[in-house]
Amino acid sequence: RKEAAKKAQLALLSDPVIPEDYEKETGVKWQRRFVDVPDDGNCLMHAVWLGLSTLLRLYPHLKEEGEVPLAQNAVAFRAQALERMAADKEYRETIKNQLQLWLSVECELLFGLEDFFCLPPDFQGHIVELNQAVQMGGHDIEQVDFDGLVDQYVRSLSQVQVDSGREFYLPLGDLELDSLCRIFRFRLQVVKTEALDVILAASDQAHHATAYLAQTLPPAVGAAVEGVKSGGASEEGVKEALQTVLLFLNNILDNPSEPKFSTIKASNPAFQRRVAAKPHAQDLLLACGFEKEEGEGGALFRMKQPPPWLSAATRLLLQTLYPGDVTHLVDPRTIRSDHIYDRNQELGQRVVRILNVKTNHYQVHLPRAP
């Protein structure tokens, strides 16, 4: 049944989103892959901060007049955002309404509410006590200090929590995300995780439509990848070599007008460690279109003209490195609007697109230089 439903959805994808069309629509050049965000206990805010700060740095014309500069890191951005929310009348009124609801429902229903369930135990206990007092008639709900409760609620979102020695922050709910988008004036797009299989198929279809993957990949590329895998390096060594070659190719594709990305110094210590020391890894560079030259400072690997199948080569490397992990294979530029939860659509170009890979772990789609 699942396969039949997937085929039915794919049949509707007769008009794929072409990457270049998406970039024209947004007026922004975008990377071709999601970027993993550190699982630092503040992952959602880290993804939002990284996406928005990178966008405004590379496209300063998208900054609004009088806009308050973003904080310098993700933790400081969380504090900045919650401080501005706490001072925002609309957000405070929304949280007050939520608190009034919590005090009005039967107590046993509270722990079935996700936003309540995630709160610190001490604040939960305080709300439970108030709820019981209100429900039993011992406390008039009109006499509750809701302003004080709102302040406590925001403080709970600001405080570092500790569980089994790991520090983390409480996840932000929909009310916080709505206010975050409104206050910082950006459009938050959350990719529907449940649609990833269809999204990947649509991404493939879009690339075939633009001949990115339709170009035949030379057999030498696949043979070189197999050579690296069977060359005797450790599993981690093989992974490091393939990831480094993938980085070189992505840099060229993402920065076609930057000559520095098409030249690699063979004497570079990092190159020696990550590539040259791994059997057949340099053969993979040559198979992907690099040529080895002798320069004044020693040997160089230079790609004079990217071959038309270079995207297909990156695809092969991704499939080798991350078999079955579709989050690494999807081109975010090809995702259809019906596979995205879109907040603040009216803000157009100020887009932050994120993917919830697993519980409280996110990836973000970053812009690239114009």
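**A guided tour of ring pairs, salt bridges and one helix**

Begin by selecting Trp102, Phe111, Phe116, Phe123 and Tyr153, which ring pairs link into a cluster; here rings of Phe, Tyr and Trp (its six-membered ring) pair if their centres lie within 6.5 Å, and planes under 30 degrees apart count as stacked, over 60 as edge-to-face and the rest as tilted. The model is a predicted one, in which local features need pLDDT of at least 70 and side-chain atom pairs count only at pLDDT 80 or more, while totals for chains, interfaces and linings use all residues. Residues are numbered from 1 along each chain as its sequence is written, and side-chain values use heavy atoms, with hydrogens and water left out.

**Aromatic pairs**

Searching the whole structure gives 8 aromatic pairs. Select Phe77 and Phe184, an edge-to-face pair with 5.2 Å from centre to centre and 65° between the planes. Phe77 belongs to helix 4 (residues 74-86) and Phe184 to helix 9 (residues 174-184), so this pair ties together parts that are 107 residues apart in sequence; helices (H or I, at least four residues) and strands (E, at least two) are DSSP runs, numbered from the N terminus. Phe77 counts as buried because its relative accessibility is 0%, and Phe184 counts as buried at 3%, where buried means under 20% relative accessible area, exposed over 50%, and partly exposed in between (1.4 Å probe, protein chains only).

Go back to the cluster and pick out Phe111 and Phe116, whose ring centres are 5.2 Å apart and whose planes stand at 80°, so that this pair is edge-to-face. Phe111 is partly exposed, at a relative accessible area of 42%, whereas Phe116 is buried, at 0%.

**Charges over rings**

With Phe184 still on screen, add Arg84, whose charged end sits over the ring of Phe184 at 4.7 Å from its centre; the rule asks for NZ of Lys or CZ of Arg within 6 Å of the ring centre and within 35 degrees of the ring normal. Then select Lys192 and Tyr341, where the charged end of Lys192 sits over the ring of Tyr341, 5.1 Å from its centre.

**Salt bridges**

The structure holds 21 salt bridges, each being a side-chain nitrogen of Lys or Arg within 4 Å of a carboxyl oxygen of Asp or Glu. Select Arg166 and Asp39, which form a salt bridge whose closest N and O atoms are 3.2 Å apart. Since Arg166 lies in strand 3 (residues 166-168) and Asp39 in the loop between strand 1 and helix 3 (43-58), the pair ties together parts that are 127 residues apart in sequence. Arg166 is partly exposed, with a relative accessible area of 38%, and Asp39 is partly exposed as well, with 42%.

Next, show Glu293 with Lys304, a salt bridge in which the closest N and O atoms are 3.7 Å apart. Glu293 is in strand 6 (residues 291-295) and Lys304 in the loop between strand 7 (298-302) and helix 15, with the two positions 11 residues apart in the numbering. Lys304 is exposed, with a relative accessible area of 54%.

For a salt bridge between buried residues, select Asp331 and Arg333, whose side chains meet at 2.7 Å, N to O. Asp331 counts as buried at 0% relative accessibility, and Arg333 counts as buried at 4%. Extend the selection to Glu23, Lys29 and Arg368, which together with Asp331 and Arg333 are linked in a network of salt bridges.

**Helix 12**

Now colour residues 235-254, the 20 residues of helix 12: at 1.5 Å a residue they should span 28 Å, and the end C-alpha atoms are 28 Å apart, which agrees. The expected span is 1.5 Å times one less than the number of residues. The buried residues of this helix include Gly237, Val238, Ala241, Leu242, Phe248 and Asp254. Its buried residues pack against strand 1 (30-36), helix 11 (219-229), strand 5 (263-265), helix 13 (269-276), helix 14 (281-287) and helix 15 (310-321), contact meaning heavy atoms within 4.5 Å.

**Two backbone stops**

Most residues other than glycine have a negative phi. Select Arg185, in the loop between helix 9 and strand 4 (187-191), where phi is near 55°, a positive value in a residue other than glycine; Arg185 is partly exposed, with a relative accessible area of 36%. End at His280, in the loop between helix 13 and helix 14, whose phi is positive, near 70°, and which is partly exposed, with a relative accessible area of 41%.
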